[in-house]
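I opened this notebook to keep track of what I looked up, one topic at a time. The entries below follow the order in which I went through the structure.

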Number of protein chains: 2
Amino acid sequence: MPKRATPSTIHDVAKAAGVSVATVSRVLNRPHRVRESTRRHVQAVIHSLNYRPNETARNLSTGRTLSISVAMPFMARDSFVERLRGIEATSSVNAYDLVMSNIESVVRRNSYYESLFDGRRFDGVVIATLRPSDEEAAQLANGAMPVVLLDTSHPLLSSVDCDDVEGGRLAAHHLIERGHRRLAFLGDTEFGFNFVSARERLSGFVEVLNDAGLALGSRDEWWIVHSSHAARTLLSPILDRPAAERPTAIFATSDLTALALLDGMERLGLKAPDDLAVIGYDDLHGARWKALTTIRQPLFQSGVSAIELLLSQMGGGNTSPQQTLLPLELIIREST
Amino acid sequence: MPKRATPSTIHDVAKAAGVSVATVSRVLNRPHRVRESTRRHVQAVIHSLNYRPNETARNLSTGRTLSISVAMPFMARDSFVERLRGIEATSSVNAYDLVMSNIESVVRRNSYYESLFDGRRFDGVVIATLRPSDEEAAQLANGAMPVVLLDTSHPLLSSVDCDDVEGGRLAAHHLIERGHRRLAFLGDTEFGFNFVSARERLSGFVEVLNDAGLALGSRDEWWIVHSSHAARTLLSPILDRPAAERPTAIFATSDLTALALLDGMERLGLKAPDDLAVIGYDDLHGARWKALTTIRQPLFQSGVSAIELLLSQMGGGNTSPQQTLLPLELIIREST
DNA sequence: GTGCGACATGTAACCGTTTACAATTTTAAC
DNA sequence: GTTAAAATTGTAAACGGTTACATGTCGCAC
């Protein structure tokens, strides 16, 4: 079989099979609409010509693109890969292509929003971690294309997220139950794009503390750091305080910083939870090794749910904004 | 401005501007081919109608799709994100869409190869980490679509890779220079998909050892483990041996396992490099914190190069297979 | 004033599908 | 054997662009 210079088209098939292109198309798309014998014959010809329908032409004709745009700042969360796996698995099962965009700068963010509506390129969009401004949200909501937010939310848009406030509560309850009374909080800034989730976790945390008659006493009991390295350097000032003023437990909004903390403690010869109890967030792989107590988010599942929600909206189902909250889970290990 | 039920087309623009569609198209694609005054007028109309050319139609007409398929087993290497960032940055700069596929099973791998040639969906392909079989490679090489392999290679195909053999040599030289004479090797299986790079690193490592009159004595001096956890459990058998038979340095083909090793040593109260020197591979973030000596791969750059090579082949330049080797770098820290 | 090339624009075919509608054939009830 | 309904197939018009080619216009040298 000589290599064809140009792949065969539906017309080639039609001619070779002695039928019209409409019939070939039906064999492909509505097989039961064509007589059994014809169908078999056409299928044989398709096979022998190694014919594959041109997706672009098909898309133009049907008005859909079978592709979904996913925007996320790759590094913003360590949990990135797991979410992406959920997204990818679900879209590939549903025969959708996944087009990735990495949004790591304001410039890129703007150009993304700019191009998103270009030329009907996507059937739907998932925006992960990047909380849209009110204007952006309005723009997205008014667009013709369904949008689902993941790991963030906005009143105008559908979203799949975890209840960060509840996560803060879980952490607080657990620490209080363990007998801790002087607590501290360590947030991460998520690279400046999105400050919301750390703040929400803090608010849930504080809420429970207040209900228990406790408090984050002063500005000294919470910090926001940008990196694991920064988390380490915090350790000495904390531990240098007199025992009576020293927090006995710390809630870190990311396993990364929590692990850095543990690591720093190890170097100083200190042990969790006796010298300082630590609870993290996410349940990354490292958390298990280091026996870090943490709040687990259903990362993979969140990707799955985001795509499922998107597909349902694309299918024209309930098209009004729908906020999904996924449950968190407290994983108790040795660090508390 | 009322929301249009249906977006405007090139015909709407042509009519509104009182010109033909050809002229509008030229304004978009070959601006210098149209009179200055016309161009300005048409551009004004385009803007006022908020017209965006339909990409699908454009693609059908021009025969390209402006999208690139990237296949990789997401988790296979910890370096995944960095490579992907390089890939994404370069393709987005060149206005190509990046379509991700996560190949984590043989089933998925087969369906990927099956669908890759469907319907001319992509202008080019990058396959990362997954070494194709000879059949697969032949199939890819015969296809109409340019292919670049990343982090692996095959004689029939273009590739961007690091010289794993050289990486093994670098590690060996360094350890020997540091005075070590009894060495050990710790490979990772990369989840069973690809066993090649660990083996190549081993061969470079052994080569230098042999040249120096040394050897990996027996099967006892090298292991292949599947996980960081497994790496830890190796530690005791190694260290339990009599001092004269105990390796004084170990080369791990992944920073992940190297870090696990360091971690296990810490727990046992041992210190690198005195009790056991450790050298890793990749230079992940964790390597810096833990002061792990390692062989750094240019991860981001490898993604960039892969796309650049792909684009050049897509551009019809040199279309014969071209193997690129990127340089490695020995990063010396405290663990050796 | 004529002729000719350069430039600007329009006409219409084409890219490869899907699908509404029309035309034809089959089926089955009488 | 009729006949109406159902099933099958074909015709041709979309889908929304690009572009080869034809046509028309203009400037300028003669």
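The entries that follow deal with aromatic rings, then with charges over rings, and then with the surroundings of a DNA strand.

**Entry on the model.** Before anything else I noted that this is a predicted model, and I kept that in mind for every entry below.

**Entry on aromatic pairs.** I looked up how many aromatic pairs there are, and the count over all chains comes to 13. One that I followed up is formed by Phe251(A) and Tyr281(A), whose ring centres are 6.2 Å apart and whose planes are at 40 degrees, and this pair is tilted. I then asked myself where in the chain the two residues sit, and found Phe251(A) in strand S8 (residues 249-252) and Tyr281(A) in strand S9 (residues 277-282), both of chain A, so that the pair links parts of the chain 30 residues apart. Both Phe251(A) and Tyr281(A) are buried.

For a second pair I turned to chain B, where the ring centres of Tyr112(B) and Tyr113(B) are 6.2 Å apart and the planes are at 80 degrees. Planes over 60 degrees apart count as edge-to-face, and therefore this pair is edge-to-face. Tyr112(B) and Tyr113(B) are also buried.

I also noted one aromatic cluster with members from chains A and B, made up of Phe74(A), Phe80(A), Phe74(B) and Phe80(B).

**Entry on charges over rings.** Going back to Tyr281(A), I found Arg201(A) over the face of its ring, at 3.6 Å from the ring centre. In chain B, the charged end of Arg201(B) sits over the ring of Tyr281(B), 3.6 Å from the centre.

**Entry on DNA strand D.** Which residues come nearest to DNA strand D? Of the 27 residues around the strand, these are Thr23(A), Thr38(A), Ile10(B), Ser25(B) and Ser61(B). I wrote down the classes for the surface near DNA strand D as well, which has 10 nonpolar, 11 polar and six charged residues. Helices H2 (21-29) and H4 (55-62) of chain A, and helices H2 (21-29) and H4 (55-62) of chain B, each supply at least two residues of that surface.

On the DNA side, 65% of the strand D atoms within 4 Å of the protein belong to sugar or phosphate, and the rest belong to bases. I then looked at single contacts: a polar side-chain atom of Thr38(A) lies 2.4 Å from a phosphate oxygen of DNA strand D, and a side-chain N or O atom of Arg58(B) is 3.0 Å from a phosphate oxygen of the strand. For a contact with a base, I noted Arg26(A), which has a polar side-chain atom 3.0 Å from a base nitrogen of DNA strand D.

Technical notes: Residues are numbered from 1 along each chain as its sequence is written. Chains are lettered from A and ligands numbered from 1 in the order in which they are written. This is a predicted model: local features need pLDDT of at least 70, side-chain atom pairs count only at pLDDT 80 or more; totals for chains, interfaces and linings use all residues. Side-chain values use heavy atoms; hydrogens and water are left out. Rings of Phe, Tyr and Trp (its six-membered ring) pair if their centres lie within 6.5 Å; planes under 30 degrees apart count as stacked, over 60 as edge-to-face and the rest as tilted. Helices (H or I, at least four residues) and strands (E, at least two) are DSSP runs, numbered from the N terminus. Buried means under 20% relative accessible area, exposed over 50%, partly exposed in between (1.4 Å probe, protein chains only). A charge sits over a ring if NZ of Lys or CZ of Arg is within 6 Å of the ring centre and within 35 degrees of the ring normal. A residue is near a molecule or strand if one of its heavy atoms lies within 4 Å of it. A polar contact is a pair of N or O atoms within 3.5 Å; within protein, one must be able to donate a hydrogen and the other to accept it, and residues adjacent in sequence count only if both atoms are side-chain atoms. Ala, Val, Leu, Ile, Met, Phe, Trp, Tyr, Cys and Pro count as nonpolar, Asp, Glu, Lys and Arg as charged, and the others, Gly among them, as polar.
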